Structures are given as structure tokens and as C-alpha cells.
Amino acid sequence: DYQAKRTDPQIEADVKSRLQWDIWIEGDLLRSAAKVGRLTLGGTVGSAVEKSRAYDDAWVTGVVAVADSGLKVEPWALDDTKRRMKYPIRSDDEIKKVVQDALRIDPRISAFSLDIAVEGGIVVLGGTVGNLTAKVSAEQDVKNIAGALGVDNLLKVRPSGTYADADIREQLKAVLLWDPILDGSAIDAAVLNQVVFLSGTVGSTLQKADAQDAASPAKGVTEVINRLKVEPEGSVSHN
């Protein structure tokens, strides 16, 4: 439910730019078409992972649905010859413009005004956002841009409402309990001054990462400290 409507040509241009600048995708092999905000992807990708990334990239501001059945997975598309052309040294001004565009079309971030500076290829993000997901997403968007050499994330999380630590903890209990990936994991979530501390054990690094991803969107959370220990099922711990 977007506050402002965008035209289909605007959406198509944003998607094309995002696919071209994604370091993991060969954008020249892809095409997109929008109709009343419904986007259809077509073309060729080199793997199922690339297909998933193309799908994620397509969710720019204004898109209400994405169909990726037209994307074909062909191993020959994994050839890195063309992809290496995405890595020439780019000017700081070029990188800054692409970062601005990437953050503008990301629905998780577009509502916030960020300060962006680029120094020697390193992107510095400043300003405030309303939730931790926006901060994490902004950093990941920059890391996925060809030409950006690194990111210094100085964003501050300032939730728009007032959330007591006890209320945040109740949210997290429900989120962690019902997450299918975390089924059976022994996780405790403590909250102090809106900072979440995850402790306990999980069976894999995937579950550890998923616990952090699940906790980040909770209302009022400003930071997640992940102290979960990974103990694969069947492993023996020695005290």
C-alpha cells in the first residue's frame, strides 16, 4: 500500500537499473515489463540463487506483484566474462548516484531521508531510520552495488513510537516460537533499553542468522546482539 502511485515506465526503469548494478546478476540477459504495478521478469540467469536475487531486486517502490516464471536457469549464464566488466573503478559521484537510486526504490528504506557520502569508493551512510530492518537493508543494498568498495553504516535507529522492553520481549517470544526455521531451538531474548540480546543454542549457522533476521523487524528494536551458540544436532559438547 504505497502512499504515492508510480507509473509503469518509472518502475521498469528502476528495475532495469537495479539489475544492471547488482554484482551477482548479468542484467543484460534479463528483461522486465510492468502493468499497473505488476511486474513480469523474463530472460536467463545462471542459477537458482540468481533467479531469487532477480526476484528480490524487482521489488522496487510501486511494485505490487512480481512474476518470475519467465526466468530460465541456464548454466552457461554463469560465465563471469561479462560480469567482470561491472568491477572497473568508478568515480565517487557515480557510486553516490547509484546508491541514492538504490535506496530510493527500496520500499524498506524509501520513507527515510539518509545522508550519503562516498570517499574513495567507501560509502558512508548517516541519518536516522525508524526501524532496524531499514538500517540493515540499507547496508546490504550498498554491498550489492558494483563499484562500491565498502560501507560505513552510521545510521541511527529511532522508532517512531514508544515501546517498553517488556512489550518488545513479548513480540519476540511469539516471533521466535512460530518461526519454522527455528523449530525446536532453545533461544532466549532479553531486552535492555530496546536492544535485543539473543542467547541459547541453535543447530546451524542458518538458524543463528534467521533468529537475527526474525528479531530485527520487531517494533521498537534498535539493535540485535546475537550471542547464540551453534551446536549441530548429534554433536557432543565437552565441559
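A salt bridge, as the term is used here, is a side-chain nitrogen of Lys or Arg within 4 Å of a carboxyl oxygen of Asp or Glu. Keep that in mind for D179, a buried residue that has no salt bridge. Welcome to this predicted model: its chain has 239 residues, with six helices and eleven strands. The tour below starts with the whole chain, then turns to the largest pocket, the salt bridges and three residues in loops.

**The chain as a whole**

- The C-alpha atoms fill a box of roughly 55 × 40 × 40 Å, taken along the principal axes.
- Of the 239 residues, 39% count as buried.
- Contacts often link parts of the chain that are far apart in sequence: among those between residues at least 6 apart, 68% join residues at least 24 apart.

**The largest pocket**

- The largest pocket has a volume of about 840 Å³.
- It is lined by 37 residues, and the closest to its centre are R108, V136, S137, Q140 and D141.
- Six elements give two or more residues each to this lining: the helices α1 (8-21), α2 (48-57), α3 (92-104), α4 (132-143) and α6 (205-215), together with the strand β10 (223-226).
- Helix α4 provides the largest share of the lining, with nine residues.

**Salt bridges**

- The count of salt bridges comes to twelve, and three of the pairs are described here.
- D141 and R108, which we met at the pocket, form a salt bridge with their closest N and O atoms 3.8 Å apart.
- This pair links distant parts of the chain, since D141 sits in helix α4 while R108 lies in the loop between α3 and β4 (114-119), 33 residues away.
- D141 counts as buried because its relative accessible area is 9%, under the 20% cut-off.
- R108, on the other hand, is partly exposed, because its relative accessible area of 42% falls between the limits of 20% and 50%.
- D188 and R169 also meet through their side chains in a salt bridge, at 3.0 Å from N to O.
- Here too distant parts of the chain are linked: D188 belongs to strand β8 and R169 to helix α5, 19 residues apart.
- Both partners count as partly exposed, D188 at 35% relative accessibility and R169 at 31%.
- Salt bridges that share partners join R6, D14, K97, D101 and R104 into one network.
- Within that network, D14 pairs with R6, and their closest N and O atoms are 2.7 Å apart.
- D14 is buried at 8% relative accessibility, whereas R6 is partly exposed at 22%.

**D179, a buried charge without a salt bridge**

- D179 is found in the loop between α5 (165-178) and β8 (186-192).
- The nearest side chain of opposite charge belongs to R108, and it is 15 Å away. D179 has no salt bridge because a salt bridge needs the two atoms within 4 Å.
- The side chain of D179 does reach the backbone nitrogen of I181, at 2.9 Å.
- Leaving out residues up to four places away in sequence, D179 touches D210 and A214.

**G220, a buried loop residue**

- G220 lies in the loop between α6 and β10.
- With a relative accessible area of 6%, G220 is buried.
- Its contacts, not counting residues up to four places away in sequence, are with P159, Y163, I168 and Q194.
- G220 and L176 are 44 residues apart in sequence and 16 Å apart in space, from C-alpha to C-alpha.

**R227, an exposed loop residue**

- R227 is found in the loop between β10 and β11 (229-230).
- Its relative accessibility is 55%, so R227 counts as exposed, the cut-off being over 50%.
- Leaving aside neighbours within four places in sequence, R227 is in contact with F197, L198, S199 and G200.
- R227 and K208 are 19 residues apart in sequence, and their C-alpha atoms are 8.9 Å apart in space.

How values were computed:
Residues numbered from 1 in each chain as written. Predicted model: local features only at pLDDT ≥ 70, side-chain atom pairs only at ≥ 80, totals over all residues. Heavy atoms only, no water. Helix = DSSP H or I, 4+ residues; strand = E, 2+ residues; numbered from the N terminus. Buried < 20%, exposed > 50% of the residue type's maximum accessible area, 1.4 Å probe, protein only. Lys, Arg positive; Asp, Glu negative; His and termini not counted. Polar contact = N/O pair within 3.5 Å; in protein donor to acceptor, adjacent residues only side chain to side chain. Contact = heavy atoms within 4.5 Å. 1 Å grid on protein atoms, 1.4 Å probe; cavity = no way out; pocket = protein on both sides within 12 Å on 5 of 7 lines; lining within 4 Å. Points joined across faces, edges and corners; volume = space filled by probe spheres on them.
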